[in-house]
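Me: Mind walking me through this model? I'd like to go question by question.

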Amino acid sequence: MRQRRLAQPAFHRERLAKLAEVMATSTREMLDRWERKRERGEAFDAAADFMALTLAIVSRSLFSTDVAGGDTAAVGRAITVSLEETNRRLFSFLGPPLWVPTARNREYKAAVRVLDEVVFKIIDARRKGQSTGADLLQMLMEARDEETGATMNDRQLRDEVMTLFLAGHETTANALAWTIWLVAQHPEVETKLRAELGQVLGGRVPAAQDVPKLRYVTQVLEESMRLYPPAWMVARQAEEADELLGFHVPKSTIMAMSPYVVHRNPRYWPDPERFDPDRFAPDRAQQRPRHAYFPFGAGQHMCIGNGFAMMEGALILAMLYQRFTVKLVEGHPVVPLPRVTLRPQHGIQVRLA
């Protein structure tokens, strides 16, 4: 709770609005590359490009620079190794503990050391005044506990930054990948989406203040996360013994709740397999129970970056559909792969028009 109180001010709407320009600039760079792919008629994996884009956005938002200022390849590899090992351990019950010096454990520990070195180096430079930035790192460093006046030490900063760094790009990238895949199969949705973009933006680059007006763009993103929530499973551990609907829950039991399952429950979602962004029109959304939809979790541990992610997703989709029509490559298999996040196992192969 103390860490959340310290970090929360960095995610207030006014502060997040300042990061919209970072998001727009990074997106424009990717879309310019896409323009060249369109000219060549090239098929490519949009999911991989979204992963690179959101990594650039989260690094610039956190540190006012690209990842490690030139060590991008090493950091990217370390992130991949870390996430893959986390995925493996999450679904493996017989793996050796980390202290056993297997090849995989050594590779994982080396990856963590690379990330730690980068993050601690950036924190140290900021502490010494060797770098500056109106970014999330600076906001976290300046945050003070209202009760004690204490700030975060380097280790606490590292933990917060690493969480945002790792989780703050993969989840959004997967949400975007699933969204363009769904929209490409529903031309009526794309038509309605473009109409809103023309009405609200008139061809100009979207800014933070436009996001609340891009209501249908947001609904498209929300409906995509209903069907394919990036955080497809949420777990909580019982602090005390309890009883739930007649079931005894021993202390320390880990309870798993799946947004993927709840979001497809016909009790709350008529025709649940159908992609229908109008489910999230304000009048219809008010008719559902509060926790029928929880792509960012719920309660006091709800994802602190949900506002950042929704603004980022809306801005990227708006800029993308201002310039391109996305066509799926026929015959390419799109299979959900449930790991720490729900990603398309073979990517999303597309061509642009």
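What follows is a short run of questions and answers on strands, helices and packing.

Me: Before we start, what kind of model is this, and how are residues numbered?

Reply: It's a predicted model, where local features need pLDDT of at least 70, side-chain atom pairs count only at pLDDT 80 or more, and totals for chains, interfaces and linings use all residues. Side-chain values use heavy atoms, with hydrogens and water left out, and residues are numbered from 1 along each chain as its sequence is written.

Me: Which side chains of strand 9 are buried?

Reply: Strands here are DSSP runs of E with at least two residues, helices are runs of H or I with at least four, and both are numbered from the N terminus. Strand 9 covers residues 349–352, and its side chains alternate between two faces. Gln 349 and Arg 351 point to one face and are not buried (buried is under 20% relative accessible area, exposed over 50%, partly exposed in between, with a 1.4 Å probe and protein chains only). The buried ones, on the other face, are Val 350 and Leu 352.

Me: Which residue in strand 9 is the bridge partner of Phe 44?

Reply: Strands pair if DSSP finds at least two bridges between them. Strand 1 (residues 44–45) runs antiparallel to strand 9, with 2 bridges joining them. Strand 6 (residues 326–328) is also antiparallel to strand 9, joined by 3 bridges, and its Leu 328 stands opposite Val 350. The partner of Phe 44 is likewise Val 350.

Me: Why do the buried residues of helix 3 sit on the same side?

Reply: Helix 3 spans residues 20–40, and its buried residues include Met 23, Met 30, Leu 31 and Trp 34. On the other side, Glu 21, Glu 39 and Arg 40 are exposed. The buried set shares a side because the directions from the helix axis to the C-beta atoms cover an arc of only 165 degrees.

Me: At what angle do helix 9 and helix 13 pack?

Reply: Helix 9 is residues 187–201, and its Leu 193 and Leu 197 are among the residues that meet Ala 318, Tyr 321 and Gln 322 in helix 13 (heavy atoms within 4.5 Å). The axes lie 10 Å apart. The pair counts as roughly perpendicular (65 to 115 degrees), at an angle of about 100 degrees.

Me: Is Ser 82 buried or exposed?

Reply: Ser 82 is in helix 5 (residues 72–90). Leaving aside residues up to four places away in sequence, Ser 82 touches Tyr 108, Ala 111, Val 112 and Leu 115. With 5% relative accessibility, Ser 82 counts as buried.

Conventions
Expected span 1.5 Å × (residues − 1). Axes fitted to C-alpha atoms, helices over the stretch in contact; angles between N-to-C directions. Parallel < 35°, antiparallel > 145°, perpendicular 65-115°, else oblique.
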